[in-house]
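Here is a quick tour of one model, with the strands up front and the cavities at the end. Have a look at it first.

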Amino acid sequence: MQSSHLLLEEPIRMASILEPSKASFFPAMTKIVGTLGPRSRSVEVLSGCLKAGMSVARFDFSWHDPEYHQETLENLKAAVKLTKKLCAVMLDTVGPELQVVNKSEKAISLEADATVILTPDEGQEASSNLLPINFDGLSKAVKKGDTIFIGQYLFTGSETTSVWLEVSEVQGNDVVCVIKNTATLTGALFTLHASQIRIELPTLSDKDKEVMSSWGVKNKIDFLSLSYTRHAEDVRHAREFLSKQGDLYQTQVFAKIENIEGLNHFDEILQEADGIILSRGNLGIDLPPEKVFLFQKAALYKCNVAGKPAVVTRVVDSMTDNLRPTRAEATDVANAVLDGSDAILLGAETLRGLYPVETISTVGKICAEAEKVFNQDLYFKKTVKYVGEPMTHLESIASSAVRAAIKVKASVIICFTSSGRAARLIAKYRPTMPVLSVVIPRLKTNQLKWSFSGAFEMQLIMPCSSHLKEEFVARQSLIVRGLFPMLADPRHPAESTSATNESVLKVALDHGKASGVVKPHDRVVVCQKVGDASVVKIIELED
């Protein structure tokens with residue numbers, strides 16, 4: 001069987017499938033984003049999530065208030081300090097999200113073939129016959145025969161907790177629909193998605209801007225997840241707004257693709273965004289089910305060759321209530337890794353799921369197994385071919401470092417960087433070993449005390465208000481597949497001599513040995529600047 005079209009190493013020995021997985025310091029190269037909520041906001045549970053492999057915490061502002069999320073974040077900080085595991089922060093915007101308002105929070109039973117009216121009159125009480133919504137323009141946007149989906153926030157996809165509607169007629173501002181399946185909706189809020197219908201609402205709402213300028217600025221968020229991104233202009237607008245919010249000019253914008261409009265403008269959005277989130281929940285409503293996998297494969301390929309992180313959502317929905325994923329879900333996670341995903345985003349599974357820590361651990365184990373059979377050789381050749389010649393100086397150094405590391409079977413690649421660009425380029429070629437990104441600060445003040453630490457012990461000592469860019473660089477690496485940041489001592493700035501670079505390298509290697517990441521006689525590939533030159537060197541560790 002030829003592997004020319006599969007990113008899968010072959011042949012796979014059947015006996016190897018039964019071999020127990022070997023413990024590794026890094027749970028997986030693929031990163032895990034966890035959405036925090038009622039079931040994942042205590043210091044104890046958050047510590048468990050970090051130890052299990054969560055490297056990015058997502059705060060979704062389409063529910064609850066900033067004070068609630070601030071309490072959760074303070075607990076996360078305590079967990080980071082306790083576990084010495086660095087975690088980045090992602091703020092997820094509401095955007096033009098339509099919602100059904102159920103102020104009484106009484107369960108609403110909907111029967112198949114019955115009718116229900118969607119009304120913009122939010123003063124009305126929700127019932128089996130009437131559902132108030134937060135948008136007065138729906139009647140102008142839909143027509144007879146259009147499909148509308150309503151589900152509980154971060155719904156599981158179960159047909160018992162979500163409902164499909166078909167528009168039968170429009171009566172003034174009200175929309176009359178036929179219920180297509182029997183369901184019971186519970187809770188105060190349900191999301192509403194009109195399939196393939198443009199909703200005339202801004203991508204960045206006034207509420208989003210308020211949260212970004214207050215909660216976002218206060219907490220110096222690392223990532224902005226821009227919900228319902230439809231055009232490249234949406235990304236530019238969000239970036240422009242962030243640039244006026246103090247330190248948030250450094251925040252990376254991840255475009256969340258969740259409808260046909262975003263799909264149609266994907267290439268230009270990718271060019272503008274720092275990364276992409278494939279929101280398969282809403283996207284799966286807009287697209288026919290048989291087309292979802294095609295978009296995933298095409299989108300991930302485009303992100304990979306562009307060297308921009310790609311995040312896949314909605315993978316183990318059943319683990320919201322169960323300790324084990326279904327076979328299909330486990331296979332789906334593995335295929336996301338083989339397709340080229342940088343990270344897996346967990347929603348309901350960690351926010352309100354019964355087993356947030358176990359879910360993160362299980363997904364990490366599946367990712368690690370998939371990474372073992374990822375056809376890196378084929379991927380490397382395809383990426384080099386796509387980049388073409390002549391390569392840029394930095395691209396050439398990055399690809400050479402990966403090629404050398406594979407040839408000598410290096411245990412790690414160590415990259416000295418201040419902006420993070422060189423390390424991300426190395427990670428773009430998907431080396432089979434971890435890339436340790438040693439972030440070297442460019443000092444602008446001598447007031448900051450910053451201790452050297454690793455991805456495994458990322459403790460910062462920050463007694464003053466100074467906020468170096470390198471903190472963002474380190475945390476923003478936590479969403480890139482295979483990239484693990486380490487912060488260097490600021491007494492060894494980026495413009496240091498080769499002697500001080502060697503000093504930083506020795507500390508990094510000693511730390512790696514103590515943590516079990518590297519062992520005596522291992523080979524390590526180092527990528528660093530010496531003067532004006534970029535150097536790739538291979539070193540063999542002594543006893």
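Cys415 sits opposite Cys527 of β21, and Cys527 in turn stands opposite Val536 in β22. This is a predicted model, so to speak of local features takes a pLDDT of at least 70, side-chain atom pairs count only at pLDDT 80 or more, and totals for chains, interfaces and linings use all residues. Residues are numbered from 1 along each chain as its sequence is written, and side-chain values use heavy atoms, with hydrogens and water left out.

Strands (E, at least two residues) and helices (H or I, at least four) are DSSP runs numbered from the N terminus, and two strands pair if DSSP finds at least two bridges between them. Here are three of the pairs:

| Strand | Partner | Sense | Bridges |
|---|---|---|---|
| β18 (residues 412-417) | β21 (residues 523-530) | parallel | 4 bridges |
| β21 | β22 (residues 533-540) | antiparallel | 8 bridges |
| β1 (residues 31-35) | β17 (residues 343-346) | parallel | 4 bridges |

The β1 and β17 pair belongs to a closed barrel of 8 strands, in the order β1-β2-β3-β13-β14-β15-β16-β17, with parallel pairing. From one strand to the next, the twist averages 25°. Gly34 has Leu346 as its bridge partner in β17.

Two helices lie across barrel strands. Angles run from 0 to 180 degrees between N-to-C directions, with axes fitted as lines to C-alpha atoms, for helices over the stretch in contact; contact means heavy atoms within 4.5 Å. Helix α3 (residues 66-83) lies across β2 (54-60) and β3 (88-92), at about 170° to β2. Helix α13 (residues 356-372) crosses β1, β2 and β17, at about 155° to β17.

How confident is the predictor? On pLDDT, its per-residue confidence from 0 to 100, the protein chain averages 86, and 87% of the residues score at least 70. Residues 153-159 fall below 50, with 28 contacts in the model beyond near neighbours in sequence. Residues 445-467 are also below 50, and that stretch has 70 such contacts.Now for the cavities. On a 1 Å grid over the protein atoms alone, a cavity is a set of points where a 1.4 Å probe fits but cannot get out, and lining residues have an atom within 4 Å of a point. Grid points are joined across faces, edges and corners, and a volume is the space filled by probe spheres set on the points. The structure holds 2 cavities of 30 Å³ or more, and the second largest has about 70 Å³ of space. Its lining includes Cys303, Asp342, Arg424 and Val480. Helices α10 (289-306) and α16 (421-428) are the elements that give two or more residues to that lining.

Note on methods:
1 Å grid on protein atoms, 1.4 Å probe; cavity = no way out; pocket = protein on both sides within 12 Å on 5 of 7 lines; lining within 4 Å. pLDDT = per-residue confidence, 0-100.
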